[in-house]
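Me: I've got a new model on my screen and I'd like to learn how to read it. Can you walk me through it?

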Amino acid sequence: MLLAVCAVMLSACGGLASEPRSITAPDPVIQTRTVEVRVCPSELIATRPARPAVPDGAELTGNEAGLGWLAAVLAYTGLVEDRLNDAAAQC
């Protein structure tokens with residue numbers, strides 16, 4: 001019985017060897033490289049002018065709506081200036 005099993009296995013293995021094998025080319029190697037280049041606009045790097053100094057004896061007078069608007073514009077200007085400074089520090 002063992003001999004019969006060995007004969008069947010040998011004939012099965014022998015049949016596989018006679019079949020032609022297809023040889024495939026290896027997959028191409030694709031290399032990628034990522035380069036990060038930080039570019040800062042010249043307007044961001046340029047030296048900003050100093051804030052205007054408050055002259056002696058300067059007075060602001062106006063109604064409540066006008067002074068509220070002026071305070072909002074000054075706060076907005078300060079926010080923009082801070083963002084520009086932070087962005088320039090990243091360059």
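Me: How much area does the chain expose, and what share of it do carbon and sulfur atoms supply?

Reply: Bear in mind that this is a predicted model, where local features need pLDDT of at least 70, side-chain atom pairs count only at pLDDT 80 or more, and totals for chains, interfaces and linings use all residues. Numbering starts from 1 along each chain as its sequence is written, and side-chain values use heavy atoms, with hydrogens and water left out. Accessible areas come from the Shrake-Rupley method with a 1.4 Å probe, and for residues only the protein chains shown count as cover. Here the chain exposes about 8900 Å², with 63% of that supplied by carbon and sulfur atoms.

Me: What percentage of the residues count as buried?

Reply: Buried means under 20% relative accessible area, exposed means over 50%, and partly exposed lies in between (1.4 Å probe, protein chains only). In this chain of 91 residues, 3% make the buried class.

Me: How many helices and strands are there?

Reply: Both are DSSP runs numbered from the N terminus: helices are H or I with at least four residues, strands are E with at least two. This chain has three helices and zero strands, giving the pattern α-α-α along the sequence.

Me: Which residues does the disulfide join?

Reply: A disulfide is a pair of cysteine sulfur atoms within 2.5 Å. The structure has one, joining Cys-40 to Cys-91 with S to S at 1.6 Å. Cys-40 sits in the loop between α1 (2–18) and α2 (42–45), while Cys-91 is in the segment after α3 (64–89), so the pair links distant parts of the chain, 51 residues apart. The link is left-handed, with -105° about the S-S bond.

Me: Why does Cys-40 count as buried?

Reply: Because its relative accessibility is 19%. Cys-91, at 44% relative accessible area, is partly exposed.
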